[in-house]
Amino acid sequence: MSEWKKCRLGNVATFRTGKLNSNAEIQHGIYPFFTCSPKTLKIDTFAFDEETLLLAGNNANGIFSLKHFKGKFNAYQRTYLISLKNNDDYKFVFYSLKLQLKNLESISHGTATKYLTLPLLNCIPILIPPLLEQKAIAAVLSSLDDKIDLLHRQNKTLEAMAETLFRQWFVEEAEEDWEERSLSSIATFLNGLACQKYLPKNDVDKLPVLKIKQLRNGLSDDCDWCTTDVKPEYIIENGDVIFSWSASLMVKIWNDETCILNQHLFKVTSNEFPKWYYYLWSKYYLEEFISISASFATTMGHIKRCDLDDAMVLLPSNKELLKFTEIQTPIIDEIVANNAKIS
């Protein structure tokens, strides 16, 4: 570490902004287009052909996107192009900055929309080791990223497999004599706490608060904290099924660290039925719930308990449910196991 140079990003890099400034300039084409949006669009022409780091400089959610790219591309004017002055390794600098992304919101400007300025970018602290160490560190981290990417792709495939089987059993090939029950009757939908009333009593006995933002993006350093002195059922572990019933509706198998459930989120559990059953039925009705939520034009969109009562599910015979469980449970278990490796 004695040979590592402590400096600011502005000492080792220069900054430019992209050239496109309106959606009217975006067309269908072959070169990637980088913008503050999490989506990658395509356009016909390209403005740049180089190796660079691309940092989306503002985002309504206060979450900044960083990419390492080499080749032909276009960039929106609020996307920063970071070019290295010396012979430093782009991938190493990429990983160094990536570690700081979640902290950039605290130094960014704006209220509804967060954005970065050149003075802020120039002042970001960074440690620069000798080039050979940069390349060695970048190679290890790149290998880990490849493994994580593989796990994400595996989980996407597993989710699709589970949903395809579910639809085959309960939509395409459902038996007429199967019992109908409400979604609310097959699982417990536990609403979270008003965690602001349960502030930590010390710096040890506390856990991060799981809100809608964290459910969507994962835990970060700016999370609120809650005392661990709450009922055990409000503590969330990797693998728990979480249902956001207000604002951004989603159903997700939690894939991060232990935390405390905040209000506007359900923890979904059942003592009677397996996880795959109530998880996939909740996901099945998600689109309908989103439509119900959107009908609340003048308030924050949400669903009510009665909507869970009105959502009817099909219950096969015990023998058939056991057969389905033998197929689905290993799929869900592998998703949870992969999530544990990723986090």
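**Salt bridges and nonpolar cores**

Let's start at Asp 89: with a relative accessibility of 14%, this residue counts as buried. Keep in mind that we're looking at a predicted model. So what does Asp 89 pair with? Its partner is Lys 135, and the two form a salt bridge whose closest N and O atoms sit 3.4 Å apart. The bridge joins distant parts of the chain, as Asp 89 belongs to the loop between β8 (79-84) and α2 (90-98), while Lys 135 is in helix α5 (residues 131-172), 46 residues away. Lys 135 itself is partly exposed, at 43% relative accessible area.

That's one salt bridge out of the 10 that the structure holds. Stay with helix α5 for the next one, where Glu 159 meets Lys 283 at 3.3 Å, N to O. Again the pair spans a long stretch of sequence: Lys 283 is in helix α8 (residues 275-284) and Glu 159 in helix α5, with their positions 124 residues apart. On the acidic side, Glu 159 has 18% relative accessibility and is therefore buried, because the cut-off for that label is under 20%. Lys 283, at 24%, comes out as partly exposed. There's a third player here too, since Glu 163 joins Glu 159 and Lys 283 in a network of salt bridges.

Now move over to Arg 181, which forms a salt bridge with Glu 272, the closest N and O atoms being 3.3 Å apart. Arg 181 sits in strand β11 (residues 179-182) and Glu 272 in the loop between β19 (265-269) and α8, so this pair ties together parts that are 91 residues apart in sequence. Arg 181 is buried as well, with a relative accessibility of 18%.

Enough of charges; on to the nonpolar side chains. In soluble globular proteins, these tend to be buried together. Here, the largest nonpolar core has 41 residues, and the members that touch the most others are Phe 170, Phe 243, Trp 276, Tyr 277 and Trp 281. Which residues does Phe 170 touch, leaving aside those up to four places away in sequence? The list runs Trp 178, Trp 276, Tyr 277, Trp 281, Leu 314, Pro 316 and Phe 324. Phe 170 falls within the residue range of helix α5, and Trp 276, Tyr 277 and Trp 281 fall within that of helix α8. There's also a second, separate core of 26 residues, and its members include Tyr 90, Tyr 95, Leu 97 and Ile 128.

Conventions: Residues numbered from 1 in each chain as written. Predicted model: local features only at pLDDT ≥ 70, side-chain atom pairs only at ≥ 80, totals over all residues. Heavy atoms only, no water. Core = buried A, V, L, I, M, F, W, Y, C linked by side-chain atoms within 4.5 Å. Buried < 20%, exposed > 50% of the residue type's maximum accessible area, 1.4 Å probe, protein only. Contact = heavy atoms within 4.5 Å. Salt bridge = Lys/Arg side-chain N within 4 Å of Asp/Glu carboxyl O. Helix = DSSP H or I, 4+ residues; strand = E, 2+ residues; numbered from the N terminus.
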